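Reader: Please take a close look at the nonpolar interior of this protein. Which residues hold the most contacts inside the largest nonpolar core?

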Amino acid sequence: AVWTSYTCTILCSLQSRWNYPIGILTTFLYSWLFFQWEAYAMAAFNLYLVFSLMFGYWRWGPDGEKSKEVTHLKLDRWLLGYIGLGVIIYGVLQICIQFFGMNISNPELWATVLSGVAQFLLDNKRIETWIVWAVVNIISIGFYIHIELYLVAFQYMFFLANTFYGYYMWKRSMNEPRT
C-alpha cells in the first residue's frame, strides 16, 4: 500500500490519469490495513475513495491535450458542493460514533473529512487540493505516529513534501498555453 501510494501521488503531481487505477489498488490495500489496526473511519473512507477515484478517472479525461485543465476554486456552486461533501462525511462519521459505537479519534475524524474534500478537489483539478492535502498530511503524521504505524507516518511526510511539488507542477501547467 505504501509503494502504490507513492506511485499514485507522484502521478497526481504529473497529472497522469494512471494515478486513478493505481489509487484504487491502494485504497483496497489500505482498507485492509486500517481495518486490522481498528482505524475504522479510515478503512471505510478508503472504500468511499474507490467511487471517488472512478469519478476522477472519468472527470480528468484522457492524458495530454484533452485532459481537464487545472483551475482555481471559485465562489460558485462547486464551493457549496465541497463544503456539503465535508458536512456529509462529518455527519456519517458522527453517526458511526454515536449509534455504532465506533472509536474515532479527532485527528482521524478531521483527516477523513478533509481527505474527502481534497480528493473531490483533486478529481476536479482544483489547485487548492494541494493546500487541503498538506493539512491532511500534517494531521495524519501525528495520528499515525500515535497509533504506531511509523511507516505510514513516514509515508505522510513524503506526501507532505509532495504537496509542494504537486502545487508547483499544477501552477506551472496553469501558466502554460494549451495547444
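Author: What follows goes from the main core to a second core and then to the surface.

This is a predicted model: local features need pLDDT of at least 70, side-chain atom pairs count only at pLDDT 80 or more, and totals for chains, interfaces and linings use all residues. Residues are numbered from 1 along each chain as its sequence is written, and side-chain values use heavy atoms, without hydrogens or water.

The protein has 7 helices and 0 strands (DSSP runs: helices H or I of at least four residues, strands E of at least two, numbered from the N terminus). The largest nonpolar core has 28 residues. A nonpolar core is a set of buried Ala, Val, Leu, Ile, Met, Phe, Trp, Tyr and Cys residues joined through side-chain atoms within 4.5 Å. Buried means under 20% relative accessible area, exposed over 50%, partly exposed in between (1.4 Å probe, protein chains only). Tyr82, Leu93, Leu122, Trp130 and Trp170 have the most contacts inside this core. Two or more residues each come from α3 (40-60), α4 (77-100), α5 (106-123), α6 (129-146) and α7 (150-175). The largest share, 7 residues, is from α5.

Take Tyr82. Beyond its neighbours within four places in sequence, Tyr82 is in contact with Leu73, Val117, Phe120, Leu121, Asn124 and Arg126 (contact: heavy atoms within 4.5 Å). Another core, of 16 residues, lies apart; Phe143, Ala153, Phe159 and Leu160 are among them.

Now the outside. Tyr150 is found in helix α7. Tyr150 counts as exposed because its relative accessibility is 51%. Of the 179 residues of the protein, 49% count as buried.
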